[in-house]
Amino acid sequence: MTGIDRRPEAESEYADRLRRSERLWNRWSDWYRLSERDFEPIRRELIDRLGIERGDAVLEIGCGPGVNFEPIRAAIGEEGRLVAIDYSPDMVAKATARVDERGWENVTVVRADATTADLGGPYDVAVATLCLSLLPDVGHALRNVYDALEPGGVLGVLDLQPFQSGPARVLNPLVCRFLWWYANWNPDADVPGAVAAVFDDVERLDTHLYGTAYTIRATRSAGPT
Ligand SMILES: C[S@@+](CC[C@H](N)C(=O)[O-])C[C@H]1O[C@@H](n2cnc3c(N)ncnc32)[C@H](O)[C@@H]1O
């Protein structure tokens, strides 16, 4: 785990979080379309705004059963390349089945921990939808993605946060607890802050669902870093 806190207690906590994530997402893999359908237009709009071109190399982390593959594959065409990573073996099996059913030869699904794996690359675009805030160490995951991007490469993020204003904030402790139970959500993960700390140019695109979902477009500088 290069660059990650290697104290035994930190490593053991990291491993526990990863194991819990694997268990939960294996379980939800059979119910995914039902539970995540509401996010479909938000994901598509984000992908449309990343400037993906035919022939591009795209990385997706936390791809789940491959809900983003259609729009990404449509944008890159047959000449491009999509590498999709997920830690849950059952999600990877579902994503692989989707690729096989469509006969896509330029889409590869890999089972790996996106924070620590060698992500390959370089990629023109990376996509992380409903994934970063589940990771035990979002800063390292983002650094890993940044390093896998071409200079000038773009990352698109869709993620969740508690209510930011108004009386609904009273529900935040319940919302956080639910997301932890349901998704292994990491209440300490400041995704927008971590994106801003790692990437060179960061644009908040939109918020949705009463401010609880947001999208970000972040760019790796085209020059030396
Ligand atoms: C909420 S689902 C999101 C799936 C899809 N991106 C979407 O927008 O619906 C989160 C996914 O992240 C994956 N995941 C969690 N921790 C991961 C890690 N450390 N590395 C790679 N994938 C991870 C889970 O297995 C799960 O499939």
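Ala, Val, Leu, Ile, Met, Phe, Trp, Tyr, Cys and Pro count here as nonpolar, Asp, Glu, Lys and Arg as charged, and the others, Gly among them, as polar. The model is predicted: local features need pLDDT of at least 70, side-chain atom pairs count only at pLDDT 80 or more, and totals for chains, interfaces and linings use all residues. Residues are numbered from 1 along each chain as its sequence is written.

Start with the whole chain. Its secondary structure comes to eight helices and seven strands (DSSP runs numbered from the N terminus: helices are H or I, at least four residues; strands are E, at least two). The C-alpha trace spans about 50 × 40 × 40 Å along its principal axes. Of the 225 residues, 38% count as buried (20 or more other C-beta atoms within 10 Å of the residue's own, with C-beta atoms placed from the backbone).

Next, select the ligand and the 24 residues around it (C-beta atom, placed from the backbone, within 6 Å of the molecule). Trp 25, Gly 62, Gly 64, Ser 88 and Thr 129 come nearest. By class, this shell has 14 nonpolar, six polar and four charged residues. Helix H1 (8–28) and strand S2 (81–86) each supply at least two of them; the largest share, three residues, comes from H1.

Then move to helix H4, residues 69–76, where Phe 69, Ile 72 and Ile 76 are buried. Seen down the axis of H4, these buried residues fall within an arc of 75 degrees, so they line one face of the helix (the arc is that of the directions from the helix axis to the C-beta atoms). Finally, select Gly 77, which follows H4 and has a positive phi, near 70 degrees.

How values were computed:
Buried ≥ 20, exposed ≤ 12 C-beta atoms within 10 Å, placed from the backbone.
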